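The following exercises train the reading of a protein model. Each task is followed by a solution in steps.

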Amino acid sequence: MATEDDGELSARYQNTLDALSSLITKRGRLASNNQSHRFRLLFHYLKVLELEDAVSQMKIIHVAGTKGKGSTCTFAESILRCYGLRTGLFTSPHLIDVRERFRLNGIEISQEKFVNYFWCCFHKLKEKTSNEVPMPTYFCFLALLAFKIFTTEQVDVVILEVGLGGRFDATNVIQKPVVCGISSLGYDHMEILGYTLAEIAAEKAGIFKSGVPAFTVAQPDEAMRVLNEKASKLEVVEPLDSSQRLGLQGEHQYLNAGLAVALCSTFLKEIGIEDKNGLDQTNGLPEKFISGLSNAYLMGRAMIVPDSELPEEIVYYLDGAHSPESMEACAIWFSKQIKQNQERNQKRSEQILLFNCMSVRDPSLLLPRLRSKCIDQGVDFKRAVFVPNVSVYNQVGSSTNVGTRVESMSWQFGLQRIWESLARGEAKSNSKSDSKGKEEEKSFVFSSLPVAVDWLRDNARQSKQVRFQVLVTGSLHLVGDLLRFIKK
């Protein structure tokens with residue numbers, strides 16, 4: 001039973017989330033022409049919060065990239081924690097609760113600490129607000145809050161994931177990280193970062209600092225040329241050997257793990273914990289690296305979660321992929337899991353897609369990549385379901401109401417039309433080579449995620465001999481909505 005103190009803390013926490021929500025601007029991502037001005041304000045905010053000296057002394061690993069940067073940071077944090085270091089990890093976005101973005105020694109910050117640190121920063125900044133110096137925007141405030149938390153908690157190492165881009169990202173207010181990394185690059189946030197890989201790479205490379213070691217993975221030539229031009233010294237790392245067990249699932253994670261190993265090896269040498277000989281990989285990875293890699297955990301990436309009401313009949317495969325490249329990685333992971341499950345389970349299974357993506361994405365690039373890669377792997381979706389996200393920007397914490405209806409479903413119907421067009425094209429192609437063709441697919445649009453889940457459960461109850469394997473992807477927010485709903 002909750003105590004009165006618990007109730008008071010819960011109320012204070014909700015008030016804190018309300019105040020944080022007030023920092024969410026309605027200008028949207030397209031209003032990016034004042035990025036430089038807002039970035040320069042960060043140095044003023046650090047001064048107001050009296051964090052300049054403390055931040056300059058932090059030992060930091062800084063990671064940017066289009067895809068894989070969150071996984072890379074998670075692997076790195078887990079490895080360094082195995083060395084007994086007190087770690088601070090800042091990632092984005094969160095799935096269920098904003099406190100997921102701030103991890104101390106692998107554990108998200110408590111409500112009590114979050115509330116106290118939040119109001120300390122909020123009040124100090126509010127006192128200095130003016131027309132010339134407004135309050136920080138949502139993500140900028142969260143980055144400042146991370147610096148406040150990690151400096152006060154006196155962590156030994158901070159692993160910072162860039163929010164968007166690199167050059168003008170709020171995390172790039174740091175001046176001297178120990179080591180930097182760039183994960184795989186691709187086309188995302190093009191309205192801000194540019195429409196060519198060279199432009200995107202230039203923005204990501206904005207985190208490079210003179211004299212600071214930098215690592216990346218294999219990139220397209222266009223991007224690699226820019227990274228080499230921007231870095232003082234850049235090393236390209238290979239994927240980790242696939243025989244190594246990883247805590248994060250998917251073949252693409254071996255690339256992220258390889259980058260994390262390089263970042264941690266350099267970090268440990270730079271701070272004098274390990275010498276070069278102790279990290280010689282010719283004899284295999286050190287035991288602490290192996291332990292860190294195998295125990296890494298990141299919610300929303302390649303997760304398998306049974307339905308809370310019908311665990312034997314419905315299983316959700318959750319992955320927050322939202323770029324064309326990550327869609328392919330998601331499809332390969334899902335298909336591999338389906339094949340393994342078919343070998344172990346005699347029950348007939350049916351694959352269903354549950355999808356939504358943000359309006360800043362191009363679904364005509366996402367859905368074909370997902371669908372074709374699954375078909376290449378021998379996996380066909382029997383049904384596809386399209387729903388809205390409702391916890392995107394208007395809420396930031398665990399109280400988000402995933403049952404809220406949205407006013408317009410035009411975006412979801414657009415997704416459905418793209419999917420059905422792909423299905424018709426394949427059916428037409430199949431009819432030329434196979435007169436029977438394959439069983440007709442069906443697609444549906446529902447007004448909310450709970451309605452869709454209820455529909456799945458009703459169908460599962462009527463088809464007890466079939467196990468529904470539901471791939472939930474296209475948006476980390478959708479993944480978060482589902483986790484929040486089924487855990488109620």
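**Exercise 1: A central strand and its partners**

In strand E6, Gly-181 has Val-63 standing opposite. The model is a predicted one, in which local features need pLDDT of at least 70, side-chain atom pairs count only at pLDDT 80 or more, and totals for chains, interfaces and linings use all residues. Residues are numbered from 1 along each chain as its sequence is written, and side-chain values use heavy atoms, with hydrogens and water left out.

Task: Determine which strands E1 is joined to by bridges, and whether E1 is enclosed or not.

Solution.

Step 1. Strands (E, at least two residues) and helices (H or I, at least four) are DSSP runs, numbered from the N terminus. Two strands pair if DSSP finds at least two bridges between them. Strands of a sheet pair through backbone hydrogen bonds, either parallel or antiparallel.

Step 2. E1 is joined to E5 by 4 bridges, and the two run parallel; here Ile-61 is opposite Ile-159. E1 is also joined to strand E6 (residues 179-182) by 4 bridges, again in parallel, with His-62 opposite Cys-180.

Step 3. Beyond this, 3 bridges link E6 to strand E7 (residues 214-216), and these run parallel. Gly-181 faces Phe-215 of E7 in this pairing.

Step 4. Buried means under 20% relative accessible area, exposed over 50%, and partly exposed in between (1.4 Å probe, protein chains only). Because 5 of the 5 residues of strand E1 (residues 60-64) are buried, the strand is largely enclosed by the rest of the structure. Ile-60, His-62 and Ala-64 point one way, Ile-61 and Val-63 the other. In E6, Val-179 and Gly-181 point one way while Cys-180 and Ile-182 point the other way, and all are buried.

**Exercise 2: The nonpolar cores**

Task: State how many residues the largest nonpolar core has, and which helix supplies its largest share.

Solution.

Step 1. A nonpolar core is a set of buried Ala, Val, Leu, Ile, Met, Phe, Trp, Tyr and Cys residues joined through side-chain atoms within 4.5 Å. In soluble globular proteins, nonpolar side chains tend to be buried together.

Step 2. The largest such core has 48 residues, and those with the most contacts inside it include Leu-20, Phe-90 and Leu-145. Among the elements that each supply at least two residues are helix H1 (4-21), helix H5 (111-127) and helix H6 (138-152). H6 gives the largest share, 12 residues.

Step 3. Contact means heavy atoms within 4.5 Å. Neighbours within four places in sequence aside, Leu-145 is in contact with Phe-102, Phe-114, Tyr-117, Phe-118 and Cys-121. Apart from this core lies another, of 35 residues, among them Val-63, Phe-75, Val-237 and Ala-296.

**Exercise 3: Checking a helix length**

Task: Find what span helix H10 should have, and compare it with the model.

Solution.

Step 1. The expected span of a helix is 1.5 Å times one less than its number of residues.

Step 2. Helix H10 (residues 253-270) has 18 residues and should therefore span 26 Å; its end C-alpha atoms are 25 Å apart, which agrees.

Step 3. Of the 18 residues of H10, 15 are buried, so that the helix is mostly covered. Just after H10, Gly-272 takes a positive phi of about 85 degrees.

**Exercise 4: Unusual backbone geometry**

Task: Where are Pro-93, Glu-50 and Asn-105 found, and what marks the backbone there?

Solution.

Step 1. Most residues other than glycine have a negative phi, and most peptide bonds are trans.

Step 2. Ser-92 and Pro-93 are joined by a cis peptide bond, with omega about -5 degrees. Pro-93 is in the loop between strand E2 (87-90) and E3.

Step 3. Glu-50 is not a glycine, yet has a positive phi of about 55 degrees. Its place is the loop between H2 and helix H3 (52-57), and Glu-50 is exposed, with a relative accessible area of 65%.

Step 4. Asn-105, also not a glycine, has a positive phi of about 55 degrees. Asn-105 is in the loop between E3 and strand E4 (107-108) and is partly exposed, with a relative accessible area of 29%.

**Exercise 5: Confidence**

Task: State what pLDDT the chain averages.

Solution.

Step 1. The pLDDT is the predictor's confidence in each residue, from 0 to 100.

Step 2. The chain averages 87, and 87% of the residues score at least 70. Over residues 399-405 the pLDDT is below 50; beyond near neighbours in sequence, this stretch has 16 contacts in the model.
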